[in-house]
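This report is meant to be read with the sequence and the coordinates at hand. It takes the core, the overall form, the domains and a few selected positions in turn.

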Amino acid sequence: MPTAVPINADRLLERFLRYVQIDTTADADNLEYPSSPGQMALGKLLADELRAMGASAVEHDAHGLVWGTIPASVPHGIGSDVPTVLFNAHLDTSPEAAGSNVRPQVIESYSGGDIPLLQDGQVITVAGSPDLQGLIGHCLITSDGSTLLGGDDKAGVAAIMELAQHLLENPHLPHGEVRVLFTCDEEIGRGAQHVNLDKAAALVGYTLDGGGQAEVEAENFSADQLLVRAIGNNIHPSLGKGRMINAVRGLALLLAELPSDRLTPETTEGKEGFLHPYELRGGVHTAEARILLRDFDTPRLDDYAQLVQAATTQVEAKLPGLKFHIERQRQYRNMADAIRKMPQVVDFATRAWEQLSQPYHIGAIRGGTDGAQFSEMGLPTPNLSVGQHNIHSVLEFASLNQMLAAIEHAVKLLEIWQAQGRS
Ligand SMILES: [Zn+2]
């Protein structure tokens with residue numbers, strides 16, 4: 001059993017504080033890749049740091065993706081069964097809360113109770129964030145209350161960077177080749193868009209983009225989106241009798257036909273799916289709505305699309321002349337299907353927590369991750385916790401202790417993969 005070496009907590013904190021101060025807010029309205037210049041700036045910084053610490057095959061590619069390799073510390077390559085393991089995290093932060101001028105605040109040792117923030121009278125309350133009760137004594141990082149923190153996913157970025165340096169500084173730790181990948185624009189669904197997994201050449205991957213500690217997430221929603229367009233007929237309202245067909249009214253009737261007491265984000269949790277109209281625009285002539293379809297059971301998406309289709313037929317009958325047009329866009333799929341083909345990817349992750357004497361939890365994500373898309377592309381990639389809390393909010397915070405635990409877990413996980421590969 002190799003000697004456990006403590007992870008450098010000061011250096012991890014220093015990294016995290018630097019990374020969160022670079023504005024990498026994703027911008028869905030910008031079709032360029034990446035969608036914001038800060039992602040390029042952070043990517044360049046990380047590539048420079050990876051080179052400086054001695055990582056090999058470091059590349060900051062034309063799309064802003066950062067790649068790097070930590071060579072195996074044990075015999076690797078032809079004749080060896082030690083697999084390459086990928087760790088990935090995303091550089092961008094959610095556009096749902098402000099992400100520029102992040103001023104991180106460090107609570108060295110949280111002593112319990114509500115946490116007042118500096119700006120706007122914001123308070124992280126224990127009532128609103130019950131996780132806090134388990135974090136007494138932890139080093140917590142918050143924003144000043146006017147922005148998000150960006151622990152989603154700079155906690156993952158900082159943890160992977162510190163993992164890389166820790167492995168390079170401790171060559172006695174047994175591991176196969178480790179690939180590092182930082183993606184862009186995950187928050188706006190484009191994280192895997194330019195990722196070529198042949199380049200990763202890994203057997204399995206782990207995304208570090210989860211909340212809390214000792215969570216292994218091996219399932220996520222399957223997701224499609226409907227763009228529903230109502231097409232009416234516009235004419236001056238004074239001439240409207242018998243001639244106007246109001247697309248706004250048609251769309252309102254359509255939305256009223258959809259379930260509101262079930263199958264909605266407001267009324268579901270756990271493994272329940274939903275239909276979620278989240279954007280409306282238009283006028284009398286045409287009006288459109290975007291509706292998200294989400295379920296862990298992929299065929300259920302067809303049922304939801306069918307529900308919308310049936311509602312359009314109803315409304316067309318009520319408003320003669322009105323026509324609906326539905327476009328269905330495929331978004332992402334439940335990673336469970338890919339992971340079932342290689343159960344070790346989850347088994348080893350839970351075994352690593354067992355060996356660290358930490359009770360773990362296997363969870364399901366009510367959303368998607370880059371790893372879900374990698375899994376669908378052929379690289380089974382569950383998601384691991386890295387100390388994020390209250391993400392996409394000005395009340396966001398991160399636990400340095402939980403980030404450290406994520407790194408210790410990754411070291412143990414790599415040890416298990418190499419032992420397995422050589423046995
Ligand atoms: Zn994330």
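Which residues have the most contacts inside the largest nonpolar core? In this predicted model, that core has 108 residues, and those with the most contacts inside it are Ala159, Ile160 and Met403. Its largest share, 11 residues, comes from helix 10, which spans residues 400-422, and the core draws at least three residues from each of domain 1 (9-220 + 334-422) and domain 2 (222-331). In soluble globular proteins, nonpolar side chains tend to be buried together. Leaving aside neighbours within four places in sequence, Met403 is in contact with Leu12, Ala155, Ala158, Ala159, Val386, Gly387 and Ala398.

**Overall form**

The secondary structure of the protein comes to 10 helices and 17 strands, and 47% of its 423 residues count as buried. Along the principal axes, the C-alpha atoms fill a box of roughly 85 × 55 × 40 Å. A compact globule with 423 residues would have a radius of gyration near 22 Å, and the 24 Å found for the protein agrees with this. Among contacts between residues at least 6 apart in sequence, 78% join residues at least 24 apart.

**Domains**

The domain assignment gives domain 1 (9-220 + 334-422) and domain 2 (222-331), and their C-alpha centres lie 36 Å apart. The contact between them takes five residues from domain 1 and six residues from domain 2. By class, the side of domain 1 that touches domain 2 has one nonpolar, three polar and one charged residues.

**Strand 16 and its partners**

Is strand 16 (residues 383-389) enclosed or open to the outside? Seven of its seven residues are buried, so strand 16 is largely enclosed by the rest of the structure. The strands that pair with strand 16 are set out below, with the sense of each pairing and one bridge between named residues.

| Partner of strand 16 | Sense | Bridges | A bridge pair |
|---|---|---|---|
| Strand 9 (residues 204-211) | parallel | four | Gly211 with Gln388 |
| Strand 10 (residues 215-220) | antiparallel | two | Glu217 with Asn383 |
| Strand 17 (residues 397-399) | antiparallel | two | Ala398 with Gln388 |

Gln388 thus appears in two of these pairs, being the bridge partner of Gly211 and also having Ala398 as its bridge partner in strand 17. Ala398 is, in addition, among the residues in contact with Met403.

**Two single positions**

Phe274 is found in strand 12, which covers residues 274-282. Why does Phe274 count as buried? There are 20 other C-beta atoms within 10 Å of Phe274, and a residue is buried if 20 or more lie within that distance. When neighbours within four places in sequence are left aside, Phe274 is in contact with Leu263, Thr264, Pro265, Thr268 and Arg294. The C-alpha atoms of Phe274 and Val20, which are 254 residues apart along the chain, are separated by 33 Å.

Pro37 belongs to helix 2, made up of residues 37-53. With 14 other C-beta atoms within 10 Å, Pro37 is partly exposed, because that count falls between the limit of 12 or fewer for an exposed residue and that of 20 or more for a buried one. Pro37 and Thr24 are 13 residues apart in sequence, and their C-alpha atoms are 7.3 Å apart in space.

Notes. Residues are numbered from 1 along each chain as its sequence is written. This is a predicted model: local features need pLDDT of at least 70, side-chain atom pairs count only at pLDDT 80 or more; totals for chains, interfaces and linings use all residues. A nonpolar core is a set of buried Ala, Val, Leu, Ile, Met, Phe, Trp, Tyr and Cys residues joined through C-beta atoms within 7 Å. Domain bounds come from an automatic or database domain assignment. Two residues are in contact if their C-beta atoms, placed from the backbone, lie within 7 Å. The radius of gyration is taken over C-alpha atoms; the globule rule is 2.2 Å times the number of residues to the power 0.38. Ala, Val, Leu, Ile, Met, Phe, Trp, Tyr, Cys and Pro count as nonpolar, Asp, Glu, Lys and Arg as charged, and the others, Gly among them, as polar. Two strands pair if DSSP finds at least two bridges between them.
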